[in-house]
Amino acid sequence: MSKLLNELGRYCRLLYEALRSSTEFSKYRKNLINEMIKTGYDSLPIVILAGFFTGAVMTIQTAYQLVAAFIPASTIGAIVTQSLLIELAAVIPALVLSGRVGARITTELGTMSVSEQIDALESMGFNSVTFLVMPRIIAGVLMFPVIYIAASVAGIGGGLLAGWVTGALSVSDYMIGSRSVFLPWDVMFGIVKSFVFGFIITSIACYKGYYASGGAEGVGNATTQATVLSCIYILLADFSLAALLL
Amino acid sequence: MNRYSNEIKVGITIIAAILVAFVGFRILQDIPFFGRTFSLHTYYERVDGISPGATVYMSGVKVGSVRQVQLVGDSVRVDMGFSDLEGIPKGSLAVIEATDLLGTRAIVIRKSTQPEFIEDGGYIKGEFDEGIAGQFRQYGDEIVPKISESTEHIGSFMAELDMLLKDGGRQNLDGIFANLNRTTTNIDRLVEEKHSELAESVDRFNSILANVDTLSADRKEQVDTVLVNLEETTEEMKQLTRELNQLSAGLNETVYKLNHGEGSLGRMLNDPSLYNNLDSLAYGLNNAVKKLNEDPRHFLKHMRLVDIF
Amino acid sequence: MIEIRNLTKSFGQTLVWSDVNLAVEEGETLAIIGKSGSGKSVLMKHMNALLIPDSGQVLIKGRNIFDLAYAELRKVRQTFGILFQGGALFDSITAFDNVAFPLRYFSNLSEPEIRDKSMQCLEQVNLADIGQKTTAELSGGMKKRVGLARAIVLEPECLLYDEPTSGLDPETSDEINDLIIRMADELEITSVVITHDMHSVLRVADRAAFIDKQKLSWHGTIDEMKVADHEDLHRFISASEYHISKTGVTS
């Protein structure tokens with residue numbers, strides 16, 4: 001228990017350090033851009049792929065499950081679109097990227113930590129938290145909504161295409177269904193979620209990486225922990241946000 | 001990919017995301033990008049399932065969608081957006097109708113023939129169509145008086161029939177049948193009685209004629225008396241014929257009366273509308289049962305099962 | 001220049017050393033010696049407030065660095081250059097950029113000036129031809145020299161060397177030792193060398209401090225060290241000398 005509190009304390013301290021020195025952050029703009037490229041731009045292909053297949057699979061499976069004749073085909077479009085916007089387009093990329101982005105961040109920072117690169121930064125007069133942690137968290141928070149948008153559009157498009165190709169429902173049925181349930185609030189909810197997920201993934205990964213110790217094995221352990229913790233906290237946050245905002 | 005700096009890549013990514021989100025938003029909200037658009041609003045007592053994004057049809061063609069639904073006091077204000085349309089004629093109606101069995105509702109514009117259009121943001125009169133559930137209710141409303149009417153008919157018919165059988169009617173009938181019987185026996189007996197007489201007469205006539213032939217010359221007086229007798233006989237026959245005529249006229253009258261529906265029995269036999277009523281009632285009931293068997297959802301709908309969805 | 005007072009440090013339940021008192025004079029080269037795991041590097045990191053002690057002070061030019069606000073501490077840190085054990089080069093950028101790195105963030109120099117200055121530092125460590133090699137392409141000795149070039153690029157007043165010769169062959173070790181001497185002479189820099197390599201100590205150091213058994217067990221000049229009446233110290237030195245004579249290198 002005290003270990004848990006200690007961890008939480010160190011985590012909060014890291015975040016506090018990151019926030020406290022945010023004024024000098026402008027100096028490290030280049031880092032932010034790099035991180036945005038790595039977190040957002042480079043993640044887009046896998047996110048679009050994941051989103052596309054999520055939508056496609058959902059359409060086919062919903063069509064398979066909705067066999068009752070008196071339910072119109074457009075219901076499939078409605079179910080797929082709303083599920084994507086509220087839940088899947090935010091959560092699935094988050095889970096995928098907790099591996100891709102989170103693991104990368106932990107490994108990077110962990111390696112820097114065990115090879116004394118963080119000490120080297122500090123000794124040169126850098127605030128290593130500002131220099132390393134801040135850009136990564138900000139990039140996560142800024143780029144995850146972009147990822148959410150990409151996944152949503154890819155997912156809805158994937159569903160549309162899958163419905164059309166398999167003949168489960170026509171394009172116009174799909175659009176009618178999608179439109180019938182579309183609420184701007186759902187998108188807002190999804191974007192809020194993606195903000196939170198972005199923060200969770202990057203901050204946990206930074207925390208685990210920044211305090212990694214014990215050589216290559218230590219970095220490996222930190223990476224595993226960061227990925228697992230990210231997934232757990234994503235699901236917890238997903239639940240909390242749903243309970244809180246819906 | 002070194003042609004572009006990282007800054008440009010990030011910028012493009014974010015701007016592209018915002019653009020895609022915007023476009024997607026507009027598509028899902030069904031707001032077109034180009035073309036003339038205008039909006040109208042209306043008020044309903046209730047909207048039952050009309051929500052933003054619901055489709056607006058005119059002459060079966062999709063012309064717009066619902067933008068906003070909000071409660072204003074006791075009524076519901078519905079804002080609709082239209083596109084690619086010159087305008088909605090003044091005096092048109094915006095009717096909420098069910099488009100499918102699930103109760104998905106849309107607004108259908110019933111065009112008026114007036115030449116001027118309602119101005120942008122203007123008011124269009126709204127009406128609530130009950131939809132299939134409502135139609136069923138209406139159907140029920142229509143059929144109930146019919147059924148009660150029919151049963152009334154049946155009732156009165158039965159009563160009449162009953163009365164007919166129980167009271168004077170039965171005696172009348174009995175009387176009629178008795179009379180008929182008596183008449184027939186009369187005729188029978190008459191024919192039987194007179195048969196021998198007639199045969200006798202003919203025989204006698206024949207012999208008389210023979211006698212006349214032999215005796216005419218010398219027994220002229222006798223012939224004269226025979227002729228007188230013959231005359232008497234003819235008179236008798238005339239009388240008989242008259243009586244027979246009268247009987248057949250009476251019978252005719254009775255049959256006519258039955259044929260023309262006079263009296264309850266006649267009516268029962270002859271009134272086509274009553275028969276038709278019964279027939280259509282039976283048909284209607286048949287149909288209803290058939291429908292119920294074939295398509296129970298029709299009636300589930302009436303039970304607002306759909307609202308559970 | 002650096003004055004360590006009553007410094008005590010422990011990690012969790014494990015005491016590293018307690019009650020260390022040590023002073024480093026301006027311009028001298030001090031060697032901190034001791035066995036592996038005796039906490040030499042930990043002591044060095046306290047001189048830069050990279051680690052915080054349980055108790056005690058480190059005074060740099062009379063000010064306790066553990067009391068300084070972050071902005072002040074940063075200025076103090078920039079008067080130090082540190083050569084880390086493995087070089088601690090940033091592996092995401094080239095060797096040259098590693099040297100230019102502090103300049104890009106902490107100097108007002110233009111890009112050509114930064115290039116000139118970086119090249120100059122690389123020349124000082126005899127690596128003028130390093131070019132655009134990535135850190136992965138460098139040998140251990142080259143990494144340390146690039147690390148040294150990076151440490152001196154901001155013109156520090158004091159250089160801290162963490163195991164500068166460990167893991168290097170004797171010839172490269174000598175090159176590094178020469179570099180340490182050159183830095184101290186040419187740049188008039190105060191140096192603290194953390195090492196267990198007695199050969200290196202005898203070459204470069206003016207004074208030595210011996211950490212053993214969780215305390216600063218002995219300190220004095222090199223000449224004093226040779227004749228010191230200290231059993232543990234002598235065992236440590238003679239083990240090194242035996243090692244040196246076995247490999248055929250004389251001091």
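Biologist: In this predicted model, how many residues of chain A are in contact with chain C, and what makes them count as contacts?

Modeller: There are 10 residues of chain A in contact with 16 residues of chain C, and each such pair counts because the C-beta atoms, placed from the backbone, lie within 7 Å. Sorted by class, the side of chain A that touches chain C holds 4 charged, 4 polar and 2 nonpolar residues.

Biologist: How do you know that helices H6(A) and H7(A) touch, and which residues make the contact?

Modeller: From H6(A), the residues in contact are Ile156(A), Gly159(A), Leu160(A), Gly163(A) and Trp164(A), while H7(A) contributes Val171(A), Tyr174(A) and Ser178(A). The axes of H6(A), residues 128-166, and H7(A), residues 171-181, come within 9 Å and cross at roughly 140°, and the crossing is right-handed.

Biologist: Why are 3 residues of that contact between H6(A) and H7(A) called polar?

Modeller: The contact has 5 nonpolar, 3 polar and no charged residues, and Gly159(A), Gly163(A) and Ser178(A) belong to the contact; they count as polar because Gly is placed in that class, together with whatever is neither nonpolar nor charged.

Biologist: Why are strands E2 and E6 of chain B called paired?

Modeller: Two strands pair if there are at least two bridges between them, and 3 bridges join E2(B), residues 55-58, to E6(B), residues 105-110, so the condition is met. These two strands run parallel, and the bridge partner of Tyr57(B) in E6(B) is Val108(B).

Biologist: What makes E5(B) a partner of E6(B), and in which sense do they pair?

Modeller: Strand E5(B), residues 93-98, shares 6 bridges with E6(B), which satisfies the requirement of at least two, and the sense is antiparallel. Within this pair, Ile96(B) stands opposite Ile107(B).

Biologist: What share of chain B counts as buried, and what would put a residue in that group?

Modeller: Of the 309 residues of chain B, 13% count as buried, and a residue enters that group if 20 or more other C-beta atoms lie within 10 Å of its own. The secondary structure of chain B comprises 7 helices and 7 strands.

Biologist: How do you know where confidence in chain C is lowest and where it is highest?

Modeller: The mean pLDDT is lowest in helix H9(C), residues 231-246, at 72, and highest in strand E8(C), residues 190-195, at 91. For chain C the mean is 85, with 95% of its residues reaching 70 or more, and the predictor gives the complex an ipTM of 0.85 and a pTM of 0.67.

How values were computed
Residues numbered from 1 in each chain as written. Chains lettered and ligands numbered in written order. Predicted model: local features only at pLDDT ≥ 70, side-chain atom pairs only at ≥ 80, totals over all residues. Helix = DSSP H or I, 4+ residues; strand = E, 2+ residues; numbered from the N terminus. Buried ≥ 20, exposed ≤ 12 C-beta atoms within 10 Å, placed from the backbone. Contact = placed C-beta atoms within 7 Å. Axes fitted to C-alpha atoms, helices over the stretch in contact; angles between N-to-C directions. Left-handed = near helix turned anticlockwise from the far one by under 90°. pLDDT = per-residue confidence, 0-100.
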